[in-house]
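Here's a quick briefing to read alongside the structure. Have the viewer open and click through the residues as they come up.

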Amino acid sequence: FTNQVIMVFRNLLQFGIDRDYNVNKKALSELDKVKIKKIPKERDILTYEEIDKFLSTFELEDPNDLMWYQYFYAFSRSGMRPNEFRALQVKDLRTNCINVNHDITSKIYGEGDIIQPCKNDYSIRDVLMPQDIIDMLRARTEGYGPNDFIFGKDRAVRETTIRRQLEKHLQLAGVPRITIYGFRHSHATHLIRNGVMIKVVSKRLGHKDIQTTLNTYQHLLQEDQDSVLKLL
């Protein structure tokens, strides 16, 4: 929180200076001397055993906890980008998959959350999902309209709320910290380590090409090379 306050003040002062407002430039130079507290680096991934431990911390009898259990359970098995998943609407559910054709952004100042088309054609895809997850999502959206958000209904759940729930239940589970994006990396890692072809993983993730996937997960491929040597 301290880091965020420092960065906000710094950006406000710089904004004023850039526009020739009457801003005390000395204040900015003094603020630059403030040391930002280092935050422990999160691990990139969790194993599926650790994710299941994380999911076990939600009280399913509590309606709010149940919703967040469903959110993280489906998200962790999808490999989708966080803003693709947050933007999901009822009409995106298919018989055995989720159709990804848009995402959501909150980076347009003063506009709030904005639904936008996927930036690239290769991001538009069908993500196959276990049937129990499709059934779970259909059950939770019973009575929803086609344009309602699967999580949030009238408006997509907020990023800050997602991060708050993530932090809370990671601590309860006693597993290493990861970012929300870490669930995507965890999913891809799980697939690659279990022998799924890179081409299939690449398409599921919505990468531009196989090379993008290879560059992102080359450390796993090196581990596979090492296992080949041990086998020989």
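What follows goes from the overall picture to the cores, one helix pair and a few single residues.

Keep in mind that this is a predicted model. The protein has eleven helices and four strands, and 41% of its 232 residues are buried.

**Overall picture**

- The accessible surface of the protein adds up to about 14400 Å², and carbon and sulfur atoms hold 54% of that.
- If you take the contacts with a separation of 6 or more, 61% of them link residues 24 or more positions apart.

**Nonpolar cores**

- In soluble globular proteins, nonpolar side chains tend to end up buried together.
- Here, the largest nonpolar core has 37 residues, and F54, F72, I98, L137 and F183 have the most contacts inside it.
- Two or more residues of this core come from each of α3 (48-55), α4 (63-76), β1 (97-100), α6 and α7.
- The top contributor is α4, which gives seven residues to this core.
- For a look at one of the hubs, pick F183: leaving aside residues up to four places away in sequence, F183 touches I51, F54, F72, F75, S76, L166 and I178.
- There's also a second, separate core of seven residues, with L191, I198, L205 and Y217 among them.

**The α4 and α7 pair**

- Two packed helices are described by the angle between their axes and the distance between the axes.
- For α4 and α7, the axes come within 12 Å and cross at roughly 95 degrees.
- That angle falls in the 65 to 115 window, so α4 and α7 count as roughly perpendicular to each other.
- On the α4 side, the residues that meet α7 are N64, D65, W68, Y71 and F72, and their partners in α7 are T161, I162, Q165, L166 and H169.

**Cysteines**

- A disulfide is a covalent bond between the sulfur atoms of two cysteines.
- With a cut-off of 2.5 Å between cysteine sulfur atoms, the count of disulfides comes to zero.
- As for individual cysteines, C97 is buried at a relative accessible area of 6%, and C118 is buried too, at 11%.

**A backbone oddity to check**

- K153 sits in the loop between α6 (131-140) and α7 (159-173).
- The phi of K153 is near 60 degrees, which is a positive value in a residue other than glycine.
- Is K153 buried, exposed or partly exposed? K153 has a relative accessible area of 33% and is therefore partly exposed, since that class lies between under 20% for buried and over 50% for exposed.

How values were computed:
Residues numbered from 1 in each chain as written. Predicted model: local features only at pLDDT ≥ 70, side-chain atom pairs only at ≥ 80, totals over all residues. Heavy atoms only, no water. Buried < 20%, exposed > 50% of the residue type's maximum accessible area, 1.4 Å probe, protein only. Contact = heavy atoms within 4.5 Å. Areas by Shrake-Rupley, 256 points an atom, 1.4 Å probe, with all protein chains shown as cover. Core = buried A, V, L, I, M, F, W, Y, C linked by side-chain atoms within 4.5 Å. Axes fitted to C-alpha atoms, helices over the stretch in contact; angles between N-to-C directions. Parallel < 35°, antiparallel > 145°, perpendicular 65-115°, else oblique.
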